[in-house]
Amino acid sequence: ELLMAWMFDRGGWPAVRAFHAVVMLLAFVLIYRAARERLGRSAALLAIVSLLFLYQDRINVRPDVVNLLGLGLLLPWLLGDWTSLPSSWSELRASPLAKRAAWRLFGLSCVMPIWASFHAAGCLIHVIVASAVALGTLAEALIRSPRLEKGDLARSLMFFAAVALPCLAVPNFIAGSIHTLFLLKSTAAVIGEWSAPAEYFLGAADQTLGRLMTGTVPYVAVLGLLALAAAGRLRQHRLTHLGLILAMTGLSLLYARFMYFVVPVWVTQALGSEWRPTRWLTGLGVSVILGLV
């Protein structure tokens, strides 16, 4: 609020709008970089166009502008290998991989309280997403060995603590999170973005072809994930990534305002850097949808 007031005093609404435009542009650049590393340049361009298409309802001057930027910052961290986190000081000193993982976790813990200071509700959503990574790490340890080791539990708890505890130290984060839950309950009937994506194409009074197509994308993405699972392709993923995929997919299906989470899911579930038939068909399908719109 202080930052926006300072900008408004010196440049009026044009300065505030320019700031929001820069934040969104930076967010798209960061997510494009993450997509290019996993999908290649052509598919990354398609992914970023899809993200712009799905995010169009969110492009306005409001505090949650930081949420897309936060996602762009966190996605490369969340896609890392958290199984190398140290579970003791001796392991931290002895292993270069453990040191790198610890530094990544420290960076994550620094981003979260800054984010919570801007928009508590958005930070809460991404705490949920990041917590799915912690649960995936724990599940992966259980699959490796029926008997859970203390170190595995320590890594999962360490990750969750690094994500959640810094947010709790931010004034009004808890109050803001509670307010969000009550706001959701009291406004879901009148604010379309708190409904499921299906509401975008079922009985909407202001129906457009764009909203019709946008509302179908999360369900198409889920069908794609189910097809990959049936083909055994998801087995190549670490469970930490699968936790991230499931959390983002679930949020995109629950509330229309998180439909843009489908694109990071697409980026996350990419297997390797080369083109494969399923990825080619996915890209073709998205291109057809965008062309129709």
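A residue counts as buried when its relative accessible area is under 20%. Asp-64 has a relative accessibility of 5%, so Asp-64 is buried. This is a predicted model. Asp-64 takes part in a network of salt bridges with Arg-58, Arg-62 and Arg-257. Two other topics follow: His-20 in helix 1, and the two sides of helix 8.

**The salt bridges around Asp-64**

- The count of salt bridges comes to three.
- Asp-64 pairs with Arg-58 through their side chains, at 2.5 Å from N to O. Both of these residues are buried.
- Asp-64 also pairs with Arg-62, at 3.5 Å from N to O. Is Arg-62 buried or partly exposed? Its relative accessibility is 29%, so Arg-62 counts as partly exposed.
- A further salt bridge joins Arg-257 to Asp-64, at 2.9 Å from N to O. This pair links distant parts of the chain, 193 residues apart.
- Arg-257 sits in the loop between helix 10 (239-254) and helix 11 (262-268). Asp-64 sits in the loop between helix 2 (41-54) and helix 3 (65-78).
- Arg-257 has 11% relative accessibility, so Arg-257 counts as buried.
- Shared partners tie Arg-58, Arg-62, Asp-64 and Arg-257 into one network.

**His-20 in helix 1**

- His-20 belongs to helix 1, which covers residues 2-39.
- The relative accessibility of His-20 is 4%, so His-20 is buried.
- What does His-20 touch, leaving aside its neighbours within four places in sequence? Its contacts are Met-4, Asn-60, Val-61, Arg-62 and Val-65.
- One of these contacts, Arg-62, is also a member of the salt-bridge network.

**The two sides of helix 8**

- Helix 8 has 15 residues, 173-187. At 1.5 Å a residue, the helix should span 21 Å. Its end C-alpha atoms are 21 Å apart, so the model agrees with the expected span.
- Which residues of helix 8 are buried? They are Phe-173, Gly-176, Ser-177, Thr-180, Leu-184 and Thr-187.
- These buried residues cover an arc of only 115° around the axis, so they lie on the same side of helix 8.
- An α-helix has 3.6 residues a turn, so residues three or four places apart point the same way.
- On the other side of helix 8, the exposed residues are Ile-174, His-179, Leu-181, Phe-182, Lys-185 and Ser-186.

Terms used
Residues numbered from 1 in each chain as written. Predicted model: local features only at pLDDT ≥ 70, side-chain atom pairs only at ≥ 80, totals over all residues. Heavy atoms only, no water. Helix = DSSP H or I, 4+ residues; strand = E, 2+ residues; numbered from the N terminus. Expected span 1.5 Å × (residues − 1). Buried < 20%, exposed > 50% of the residue type's maximum accessible area, 1.4 Å probe, protein only. Arc of directions from axis to C-beta. Contact = heavy atoms within 4.5 Å. Salt bridge = Lys/Arg side-chain N within 4 Å of Asp/Glu carboxyl O.
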